[in-house]
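The following exercises are intended for a reader who meets this structure for the first time. Each consists of a task and a solution in steps.

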Amino acid sequence: MLMSFETIVFYLFAALSVFAALRVITARNPVHAALFLVLAFCSMAGIWMLLEAEFLAITLVLVYVGAVMVLFLFVVMMLDISLVQLRAGFWRLVLFGAALAGLMAFEMIWVLGSSRTSTGRVAIKHAADYSNTKELGRLMYTDYVYPFEIAAVILLVAMVAAIALTFRRRKDAKSQGVPEQVAVRKADRLRLVKMPPENRARQGLDSTEEVAR
Amino acid sequence: MMELLQTLHQAGLGLFGPLWLTVWTLVKIVAIVAPLMVGVAYLTLAERKVIGYMQVRIGPNRVGPYGLLQPIADGLKLVFKEIIIPTGSNKFLFVIAPIMALMPALAAWAVIPFDVGMSAANVNAGLLYVLAMTSLGVYGVIIAGWASNSKYAFLGALRSAAQIVSYEIAMGFALVCVLMVSQSMNLGDIVRGQQGGAGLFGWYFIPLFPMFLVYLIAGVAETNRAPFDVAEGESEIVAGFHVEYSGMAFALFFLAEYANMILIAALTSTMFLGGWLPPFNMAPFTWVPGLFWLLAKMSFVLFLFLWFRATFPRYRYDQLMRLGWKVFIPLTLVWVVVVGAWMQTRYWLW
C-alpha cells in the first residue's frame, strides 16, 4: 500500500522525535543533551503542524526553542559538570525511574488505545482559510477566560516567588545610578574657556611654557 | 500577470504532473534566495561606502567601476581560504553552527508578501512564524561560541543569548500591537489593513509610532548590529562568537547577519510602513509596481542600520540590558493598553 505524503512526514517526524528524546537521556555531554531536546521540540512542532494545530506548533518553537532552551543552554554551558558525579546514583534511582516510565507508558496506552477516546476517529480537515490561532484565542478569552486568567496569575506568583527565593542582596554590591547619569548636563563636566589666539613662533619658548602651566 | 501565472501553472501541471507543486515551490524559493544573496553582497558594499562617506573617506573603489565588484572579490577570497577547525573544539557543532545561523534568516522569508498575493507561502499565523524563526537565529551564535572551545567566543555567545532573549520580548509586544490594530496575523492582511485613501497616513507607524521605534531598535539588537554588537565587541572580546572561524564558515555568519538585516527591514516595511503600498493614492505613484515600493522602504530602513553604525558608539552591557528590560518592555506594555483603549473610542481612524 502506498503511504500518503502526510503519513510519510508523520513517521519521519515521529522517528526523529523518538530518536532525539532517547539521545536527551543517553547523551554523555549535558550540552548535547540540551541540543537534542531542542531537536525533539522541533520535530514535535512538525507533528503538531500536521494536526493543523499551527498555533501550538509555532508557539512551541517560539517559547521553548527560542527562549526557554536558550536559557537552559546558557546555564548548562557555564556549569562545570563532572560525568562521574552525574552517574553516581544511577543504579539506586534506576528502579524508581523505570517504575515511573512504566506508569506513564501504561497511562498513554490506556488513554490512546481506548476505543472511547481515539481509535477509529478521523480529525476533520479544515479549509485553507481556517485560522486555528483565531479560534483558540476566541475560546481562551470567552469560554475559558477565568481558568486562563487564574493560570496566568499562578504563573506570575511562581515567578515572583522564584525571584524572591533566589535573590540575595549583597552588602558590597555596586550599581549604576542611571537617573544621575542621565541627568548630567554638558555644563557639569565641561568648561569652555575663551582665550585669544597666540602666535607661538614670534613669542618663542617662554610663552609656550606659560600656556602649559 | 495573473493570466501569465495561470498559463504557467497549466504548462507545469502538464509537464511535471503531481510533482509540479514541489517544482513550483522550489522555483519560488530560488526566486527569493538568489536576489537575497545578491542583496547581501551589495549591502556589504553599501555599508562600506555609506560609512566611508559619513567619515569623509571614499570607501572601496579599486575593484571594478566605483568598487562595484568588491563584494564578489571578497566572496571569492573567502571561498578559497582554509576552514580551520580548532583543536579541542566540538567538530560537528563547530561546522553546524554557521548553518544554524543562516537557516532561520532564510526560512522567515517564506511568509513575506512582496506584492498583492506575491509570497512564497500564505500562512495565517505568519507573524508568529516570523517571530519563531527570528528567535531561532541565536542558536547559531550560542553553538558557535560553545563549540569553539575559546573563552572569547564563549563570552560572545553568552552576551548574545542574554541580549536576544531580552529584546525578543519587547519585539514580541510591539508585534502584538500591530496584530491588535490589523486584527490579523497574516502579513498580507496586515498590509491590506494599511490600505486606504489616506496613503501614507494610513500606515501603522503613525498610531504605533513608539512601537515602530521599539521594533526598529530591537531589530538592530536582534541582528547584533552596532551599537548593540556586544556579541562581537572587537575591542573587548576580539570578535566574539566567530573568532575561531575562517573562510566560508566565517562568511556564512556574515551572510546570516546581513540576511537578518534585510529581513528586519522587510518586516518593518511590511508592518509599519505599508509594505507594497504607494505613499500617495494618486496617479503617478500607483503606476509604479508594489515591489518597487517595498524595496524602496527596505532600502530606507537598511540605510538607517548603516547610519546607526556610523553614528553611535557601542552600548555598555548594563545599559543595554537596562534599555531592554526597564525601558522597552514597560513602554510596549503600556502601549498595548493605550492602543486597546484607543481602538474602542471613535477617534480610532485606522
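**Exercise 1. Determine which residues surround Ser148(B), leaving aside its neighbours within four places in sequence.**

Solution. Step 1: contact is taken to mean heavy atoms within 4.5 Å. With the neighbours within four places in sequence set aside, Ser148(B) is in contact with Pro86(B), Ser89(B), Phe94(B), Ala153(B), Phe241(B), Glu244(B) and Tyr245(B).

Step 2: the model is predicted; local features need pLDDT of at least 70, side-chain atom pairs count only at pLDDT 80 or more, totals for chains, interfaces and linings use all residues, and side-chain values use heavy atoms, with hydrogens and water left out. Residues are numbered from 1 along each chain as its sequence is written, while chains are lettered from A and ligands numbered from 1 in the order in which they are written.

Step 3: Ser148(B) is located in the loop between H6 and H7 of chain B. Helices here are DSSP runs (H or I, at least four residues) and strands likewise (E, at least two), numbered from the N terminus.

Step 4: Ser148(B) has a relative accessible area of 2% and is therefore buried. The classes are buried (under 20% relative accessible area), exposed (over 50%) and partly exposed (in between), with a 1.4 Å probe and protein chains only.

Step 5: from Ser148(B) to Ala11(B) the distance is 50 Å, C-alpha to C-alpha, and the two are 137 residues apart in sequence.

**Exercise 2. Establish how many residues of helix H6 (residues 138-147) of chain B are buried, and what they pack against.**

Solution. Step 1: in H6(B), 10 of the 10 residues are buried, so this helix is largely enclosed by the rest of the structure. Among them are Val138(B), Tyr139(B), Ile142(B) and Trp146(B).

Step 2: within chain B, the buried residues of H6(B) pack against H4, H5, helix H7 (151-182) and helix H10 (247-271). From chain A, helix H2 (30-50) and helix H3 (54-78) also pack against these residues.

Step 3: H5(B) may be treated likewise. Of its 11 residues, 11 are buried, so H5(B) is largely enclosed by the rest of the structure. Its buried residues include Gly126(B), Tyr129(B), Met133(B) and Leu136(B).

**Exercise 3. For the loop residues Asn149(B), Asn224(B) and Asn124(B), state where each lies and whether each is buried, partly exposed or exposed.**

Solution. Step 1: most residues other than glycine have a negative phi. Asn149(B), just after H6(B), takes a positive phi of about 60 degrees. Asn149(B) lies in the loop between H6 and H7 of chain B, and with a relative accessible area of 51% Asn149(B) is exposed.

Step 2: Asn224(B) is not a glycine either, yet has a positive phi of about 55 degrees. The loop between helix H9 (209-222) and H10 of chain B holds Asn224(B), which is buried at a relative accessible area of 6%.

Step 3: Asn124(B) belongs to the loop between helix H4 (91-107) and helix H5 (126-136) of chain B. Its relative accessibility of 21% makes Asn124(B) partly exposed. Asn124(B) and Tyr53(B) are 43 Å apart, C-alpha to C-alpha, and 71 residues apart in sequence.

**Exercise 4. Describe the make-up of chain B and of chain A.**

Solution. Step 1: chain B has 13 helices and 0 strands. Its radius of gyration is 21 Å, close to the 20 Å that the globule rule gives for 350 residues, so chain B is as compact as a globular protein of that length. The radius is taken over C-alpha atoms, and the rule is 2.2 Å times the number of residues to the power 0.38.

Step 2: of the 350 residues in chain B, 53% are buried. Of the contacts in chain B with a separation of 6 or more, 76% come from residues 24 or more positions apart.

Step 3: chain A contains 11 helices and 0 strands. Buried residues account for 17% of its 213 residues. In chain A, 52% of the contacts between residues at least 6 apart in sequence join residues at least 24 apart.

**Exercise 5. State what confidence the predictor assigns to chain B and to the complex.**

Solution. Step 1: pLDDT is the predictor's confidence in each residue, from 0 to 100. Chain B has a mean pLDDT of 84, with 99% of its residues at 70 or more.

Step 2: for the complex, the predictor gives an ipTM of 0.80 and a pTM of 0.83.
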